[in-house]
Amino acid sequence: MKFVIQRVTGASVKVGDEIKGKIDKGFLVLIGVGQEDTEEIADKFVKKLLGLRIFEDENGKTNLSLKDVDGQLLLVSQFTLYANCKKGNRPSFVEAGDPEKAESLYEYIIDQCRQTVPVVETGVFGAEMEVSLVNDGPFTVILDEKIL
């Protein structure tokens, strides 16, 4: 599993001409699901995501979590996080989870986040999407199986 977490002042995802998800202050999270991923692994990633203290406190230190700042989440599925570019110039995606399993885990992650975070918006699994964001900082954190 891989999460690319971007601290944002605003973000949205659009499919065609329709905005499917939009948030203000919070995290835009690009989510990649690998072949070996499980709900137990997803639980670890969600726990780390929701506990990250990367918002500034009154002293300018990154010390506050999403909950501390009433932050929102925009969760976007992105299998291309598993692009393997070792051979040639055309990426291989064989390490990405099969679509049915990946969608199931993506939905599981959404459900887990909604148990804690009041505003959780999403993209559309498997769709061509336009993602817009204002990266705050910029501040971007990458979580992958090597870290957890």
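This short talk goes through selected features of one predicted model, from its salt bridges to individual residues.

Good morning, colleagues. I shall begin with the charged pairs. How many salt bridges does the structure hold? There are three.

The pair formed by Arg7 and Asp136 has its closest N and O atoms 3.3 Å apart. This bridge connects distant parts of the chain, since Arg7 belongs to strand E1, residues 2-15, and Asp136 to strand E8, with their positions 129 residues apart in the numbering. Is Arg7 buried or exposed? Its relative accessibility is 5%, so Arg7 counts as buried, the limit for that class being under 20%. Asp136, by contrast, has a relative accessible area of 25% and is therefore partly exposed.

Strands E1 and E8 are also linked by another pair. The side chains of Lys14 and Glu130 form a salt bridge, at 3.9 Å from N to O. Here too the partners come from distant parts of the chain: Lys14 is in strand E1 and Glu130 in strand E8, 116 residues apart. Lys14 is partly exposed, at 29% relative accessibility.

The remaining bridge joins the side chains of Glu18 and Lys20, with an N to O distance of 3.3 Å. Both partners are partly exposed: Glu18 has a relative accessible area of 44%, and Lys20 one of 34%.

Let me stay with strand E1 for a moment and turn to Gln6. This residue lies in that strand and is buried, because its relative accessible area is 12%. Which residues does Gln6 touch, once those up to four places away in sequence are set aside? One set of its contacts is Gly26, Phe27, Leu28 and Leu30. The others are Leu133, Asn135, Phe139 and Thr140.

Strand E8 has a further feature of backbone geometry. The peptide bond leading from Gly137 to Pro138 is cis, and its omega is near -5°. Pro138 is placed within strand E8, which covers residues 130-144.

I move next to strand E3, residues 26-32, where we find Gly32. Gly32 has a relative accessible area of 0% and is therefore buried. Apart from neighbours within four places in sequence, its contacts are Met1, Lys2, Asp37, Gln78, Leu81 and Tyr82. How far is Gly32 from Lys22, C-alpha to C-alpha? The two atoms are separated by 20 Å, and the residues are ten apart along the chain.

Met1 appears again in the surroundings of Ile41. Ile41 is part of helix H1, which covers residues 39-51. With residues up to four places away in sequence left out, Ile41 touches Met1 and Glu36. Its relative accessible area is 27%, so Ile41 counts as partly exposed. The C-alpha atoms of Ile41 and Asn84 are 21 Å apart, for a separation of 43 residues along the chain.

The loop between strands E5 and E6 deserves attention for two of its residues. Asp70 is placed in this loop, E5 being residues 62-64. What is notable in the backbone of Asp70, a residue other than glycine? Its phi is positive, near 55°. Asp70 is also exposed, because its relative accessible area of 68% is over the 50% limit.

Gly71 is found in the loop between E5 and E6 as well, but Gly71 is buried, with a relative accessible area of 6%. Setting aside residues up to four places away in sequence, Gly71 touches Lys25, Gly26, Leu66 and Val117. Gly26 is thus a contact of Gly71 and also a contact of Gln6. The C-alpha atoms of Gly71 and Glu107 are separated by 20 Å, the residues being 36 apart along the chain.

Glu107 brings me to the surface. Which residues form the negative surface patch? They are Asp98, Glu100, Glu103, Glu107 and Asp111. Asp98 is placed in the loop between strand E6, residues 72-77, and helix H2, residues 99-114. At 42% relative accessibility, Asp98 counts as partly exposed.

To close, I return to two points. Salt bridges connect strand E1 with strand E8 through Arg7 and Asp136 and through Lys14 and Glu130. In the loop between E5 and E6, exposed Asp70 is followed in the numbering by buried Gly71. Thank you for your attention.

Notes:
Residues numbered from 1 in each chain as written. Predicted model: local features only at pLDDT ≥ 70, side-chain atom pairs only at ≥ 80, totals over all residues. Heavy atoms only, no water. Helix = DSSP H or I, 4+ residues; strand = E, 2+ residues; numbered from the N terminus. Buried < 20%, exposed > 50% of the residue type's maximum accessible area, 1.4 Å probe, protein only. Contact = heavy atoms within 4.5 Å. Patch = residues over 30% accessible without salt bridge, like charges linked within 9 Å, V, L, I, M, F, W, Y side chains within 5 Å. Areas by Shrake-Rupley, 256 points an atom, 1.4 Å probe, with all protein chains shown as cover. Salt bridge = Lys/Arg side-chain N within 4 Å of Asp/Glu carboxyl O. Lys, Arg positive; Asp, Glu negative; His and termini not counted. Charge placed at Lys NZ, Arg CZ, Asp CG, Glu CD.
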